[in-house]
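This report walks through one protein model, from its overall make-up to its sheet, its helices and a few single residues. Please keep the sequence and the structure at hand while reading.

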Amino acid sequence: MPLTLRLNDGSFMRRSDVHTILHYLEGLRCVEVLGFSNIGKSAFLQLLAEPDVWTLELGEAGSKFMPVYVDCNRMLDLNDQGFYELVLRCLQESYPELAALPELTAAYNTLIAPGSEFHVPLSFNRGLTAALESTKRKLILLFDEFDEPFSVIDGRVFINLRALQDRHNTQLAYVTATVRPLTQLRLENHCSEFCELFSLRSWHLAPLVHDDVVRQIRRYMEAFEVKFNSADIDFIFEWAGGHPRMLDGVCRIFGDALTNAPPEQDME
């Protein structure tokens, strides 16, 4: 069952993580989110991309931000053009006012059919600048599944991202999600200057806390119509901890065992 951090009442899990990250971003300080495989980095960045989470956490100040989720798995090609295209596409998909922006549309069209290789970064910069100039809100780009793109794409992409953030440092910030710190993934070809944006702001995404584990187990119970009592929930937590994928697997195995258990027979 995919991990979703929003709850039925509109609240959300990982409250302490959200609190810390949003208060960094409120000051437009870039953050790298780190976590081992399947710990829930994607679900966390998707949560941060929901505008109402910002207002729930920051109040009226949260409405001044425009978070955009960028799933790097959606890149059409693993190169600079593929990365830039995805970012502009996500801008257009995330907010109707950006999708209707002629300057952004024109930049996107030039980017996907450039007259020369110089038009690729130039069109991206024009598109992103047009988006920033069209609003008074602050743009937060949330780069999920960032490990491979950062490791292999031309380093000039990241020095360009650094330059854009320097130029628009009152309106633009980045969040990256990777397994390892950016400085361990890559430092050559000017990438160190991009890494400097995240200096001292590495947030390690820990397993779910106990209360969130209970919420996730109860969600599993509702979705698959199984019943776990308090002792069962304690057992699942003991064996899976707060790792979402392991939690789902233990729930499934334990639920199947309960469902297929032979009926108890009375002793004569």
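How many of the 268 residues of the protein count as buried? The share is 50%, where buried means under 20% relative accessible area, exposed means over 50%, and partly exposed lies in between (1.4 Å probe, protein chains only).

The model is predicted, and local features need pLDDT of at least 70, side-chain atom pairs count only at pLDDT 80 or more, and totals for chains, interfaces and linings use all residues. Residues are numbered from 1 along each chain as its sequence is written, and side-chain values use heavy atoms, with hydrogens and water left out.

**Overall make-up**

The secondary structure comes to 14 helices and five strands. These elements are DSSP runs numbered from the N terminus, with helices (H or I) of at least four residues and strands (E) of at least two. The C-alpha trace spans about 85 × 40 × 35 Å along its principal axes. Among contacts in the protein with a separation of 6 or more, 73% join residues 24 or more positions apart; a contact means heavy atoms within 4.5 Å.

**The sheet**

Five strands form an open sheet in the order β2-β3-β4-β1-β5, and the pairing is parallel. β2 (65–71) and β5 stand at the edges with a single partner strand each, so one side of each is left without a neighbour in the sheet. From one strand to the next, the twist averages 20°. Angles run from 0 to 180 degrees between N-to-C directions, and axes are lines fitted to C-alpha atoms, for helices over the stretch in contact.

Strand β1 (residues 31–34) pairs with strand β4 (residues 172–178) in the parallel sense over four bridges. β1 also pairs with strand β5 (residues 202–204), again in the parallel sense, over three bridges. Two strands count as paired if DSSP finds at least two bridges between them. The table gives partners of residues in β1.

| Residue in β1 | Partner | Partner strand |
|---|---|---|
| Val31 | Val175 | β4 |
| Glu32 | Thr176 | β4 |
| Val33 | Trp203 | β5 |

In a regular strand the side chains alternate between the two faces of the sheet. In β1, Val31 and Val33 lie on one side and Glu32 and Leu34 on the other, and all are buried, so both faces of the strand are covered.

**Helix α2 on the sheet**

Helix α2 (residues 41–48) packs on the sheet, where it touches β1, β2, β3 (138–144) and β4. The direction of α2 makes about 165° with that of β3. Six of the eight residues of α2 are buried, so the helix is largely enclosed by the rest of the structure. The buried residues are Lys41, Ala43, Phe44, Leu45, Leu47 and Leu48. They pack against α1, β1, α3 (51–58), β2, β3 and β4.

**The α4 and α6 pair**

Two packed helices are described by the angle between their axes and the distance between the axes. For helix α4 (residues 80–94) and helix α6 (residues 102–112), the angle is about 155° and the axes are 10 Å apart. That makes α4 roughly antiparallel to α6, a term for angles over 145 degrees. On the α4 side, the contact is made by Gln81, Tyr84, Glu85, Leu88, Arg89, Leu91 and Gln92. On the α6 side, Leu104, Thr105, Ala107, Tyr108, Leu111 and Ile112 take part. By class, this contact has eight nonpolar, three polar and two charged residues. Here Ala, Val, Leu, Ile, Met, Phe, Trp, Tyr, Cys and Pro count as nonpolar, Asp, Glu, Lys and Arg as charged, and the others, Gly among them, as polar.

**Single residues**

Most residues other than glycine have a negative phi. Which value does phi take at Asn38? Asn38 has a positive phi of about 65° although it is not a glycine. Asn38 sits in the loop between β1 and α2 and is partly exposed at 36% relative accessibility. Glu145 also has a positive phi, near 50°. Glu145 lies in the loop between β3 and α8 (147–152) and is partly exposed at 32%.

Gly27 belongs to the loop between α1 (15–26) and β1, and its relative accessible area of 45% makes it partly exposed. The C-alpha atoms of Gly27 and Thr170 are separated by 8.7 Å, with the two residues 143 apart along the chain.

Asn125 is found in helix α7 (residues 119–133). At 16% relative accessibility, Asn125 counts as buried. Leaving aside neighbours within four places in sequence, Asn125 is in contact with Asn160 and Leu164.

How values were computed
Parallel < 35°, antiparallel > 145°, perpendicular 65-115°, else oblique.
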